[in-house]
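Me: I am new to this structure and would like to understand how its descriptions are reached. Could you take my questions in turn and set each value against its definition?

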Amino acid sequence: MASSNNTETTDTIEVITQRAITQSNPIFLQTTACQVIAGLFVWTAVFVTCQQIYYHLRWNTNPAEQRWIIRILFIVPIYALHSWVSLLFFNNEHYYVYFFTIRDCYEAFVIYNFMSLCYEYLGGEGNIMSEIRGKPIQSSWQYGTCCLTGRTYTIGFLRFCKQATLQFCLVKPSMAFVIIFLQYVGHYHDGDWSMNGGYLYVTAIYNMSVSLALYGLFLFYFATRDLLIPFEPVLKFCTIKSVIFLSFWQGVLLAVLEKAKFIDPVIDSSGQPTSAGTVSAGYQNFLICIEMLFAALALRAAFPYEIYANNAQTGTGNPSNSRTVTMQSISSSLKETMNPKDIMTDAIHNFHPQYQQYTQYSSGGQKNYGSKSGINDNSGKSKTAKKQAPVYNEKAMLLSSDEEIP
């Protein structure tokens, strides 16, 4: 009996000693230096990106393309600021989940916008189908088309690519709100891989959804890679993929390290404990703050505004945009650009059976505003892009998906 009491006393002393050591030696995430370093990277990234967004609004010579670009660029300030604010509230582990919700919802929005930008570059579904319709799908293990051997490109194939990205726009925000609910009832903790917690199931669903979205993007690029060459899609795709998908796997790796006991829980100066999962999320936030500066520079190279500014100066763009632009017009353009109404319209068009027989055209047909060179055919002559009436989301009965899908 005495031996048992001595053991309990020894364990208690060890716990108290460990707490004292933890409180006297805060980890890097709890220091002011961490917040300052992350803040410097964040605000530099925000400045670089906001300057680029301003120039795109200032030289808004092709609104049909630039609306998608501006939406994509906003991922840097949203990711960076939310990660930095989460660091400021590091010791309040119940707060950062709400910041993640906003960030995660916009993450799905960016995937949709990048796909829509590629559609706009090529002139919409109608122009894309006129180029690839009836061509055989090449078998490639790299792009996951091994199971499509012997099939041809149809409107059903193109619609699947769009649906794969749109489902992510629906799943991601839904799961974000599920996380909030599960945390409220005490069934969600970052890094908790137990069967009784929600983290395992949320991660599994998200992983399947993001993999399907990535697969849809790969299939679309595989089908249209020759048409997209003038628009340098590889740099754009890799940059966006790095920001979204690599940050996700970075978080999964940190969660695995936490599960393997490489990341320990901490106790702040007031004696309040912070779970290892929150510590892992804190490291993720700090890394994102640093990475967003490099993402801002990469996006600046991937989506230069100079192409559209040159269009205005040479008169090849919209003449009405060559005049002096006021801050009021820039504000109006920004408000119109960020209106998410089009994503709902597109979701109805791609998922509703009544609308799947129609093919959407872009606002102005295929243009070369976003490219640095023309498209050359086999004879070496430059192709002239087809022009269409500037009616946004005009629909025409091009193909019936019921007839096209084998």
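**Values and definitions**

Reply: Phe245 is buried, its relative accessible area being 5%. This is a predicted model, in which local features need pLDDT of at least 70 and side-chain atom pairs count only at pLDDT 80 or more, while totals for chains, interfaces and linings use all residues. Residues are numbered from 1 along each chain as its sequence is written, and side-chain values use heavy atoms, with hydrogens and water left out.

Me: Why is Phe245 called buried?

Reply: Buried means under 20% relative accessible area, exposed means over 50%, and partly exposed is in between, with a 1.4 Å probe and protein chains only. Phe245 has 5%, so the word buried applies.

Me: Where is Phe245 found, and which residues does Phe245 touch?

Reply: Phe245 is found in helix H9, where a helix is a DSSP run of H or I with at least four residues, numbered from the N terminus. Not counting residues up to four places away in sequence, Phe245 touches Ile111, Val210 and Leu214, contact meaning heavy atoms within 4.5 Å.

Me: What makes Tyr106 and Phe109 an edge-to-face pair?

Reply: The structure holds 14 aromatic pairs. Among them, Tyr106 and Phe109 have ring centres 5.5 Å apart and planes at 65 degrees. Rings of Phe, Tyr and Trp (its six-membered ring) pair if their centres lie within 6.5 Å, and planes under 30 degrees apart count as stacked, over 60 as edge-to-face and the rest as tilted. The pair is therefore edge-to-face. Tyr106 and Phe109 are three residues apart in helix H5 (residues 96-122), which means that about one helical turn separates them. Tyr106 is buried at 10% relative accessible area, and Phe109 is buried at 11%.

Me: Why is the pair of Phe114 and Phe237 called tilted?

Reply: Phe114 and Phe237 have ring centres 6.1 Å apart and planes at 35 degrees, an angle that is neither under 30 nor over 60, so the pair is tilted. Because Phe114 lies in helix H5 and Phe237 in helix H9 (residues 233-259), the pair ties together parts that are 123 residues apart in sequence. Phe114 is buried at 5% relative accessibility, and Phe237 is buried at 14%.

Me: How do you know that Glu107 forms a salt bridge with Lys172?

Reply: A salt bridge is a side-chain nitrogen of Lys or Arg within 4 Å of a carboxyl oxygen of Asp or Glu. The closest N and O atoms of Glu107 and Lys172 are 3.9 Å apart, so the pair meets the definition. Because Glu107 lies in helix H5 and Lys172 in helix H7, this salt bridge ties together parts that are 65 residues apart in sequence. Glu107 is buried at 4% relative accessibility, and Lys172 is buried at 8%.

Me: What makes the meeting of Arg159 and Glu125 a salt bridge?

Reply: The N to O value for the side chains of Arg159 and Glu125 is 2.7 Å, which is within the limit and therefore makes a salt bridge. Arg159 lies in helix H7 and Glu125 in helix H6 (residues 124-132), so the pair ties together parts that are 34 residues apart in sequence. Arg159 is buried at 3% relative accessible area, and Glu125 is buried at 1%.

Me: Why is Val185 called partly exposed?

Reply: Val185 has a relative accessible area of 39%, a value in between the two limits, so partly exposed is the fitting term. The place of Val185 is in the loop between helix H7 (155-184) and helix H8 (199-228).

Note on methods: Helices (H or I, at least four residues) and strands (E, at least two) are DSSP runs, numbered from the N terminus.
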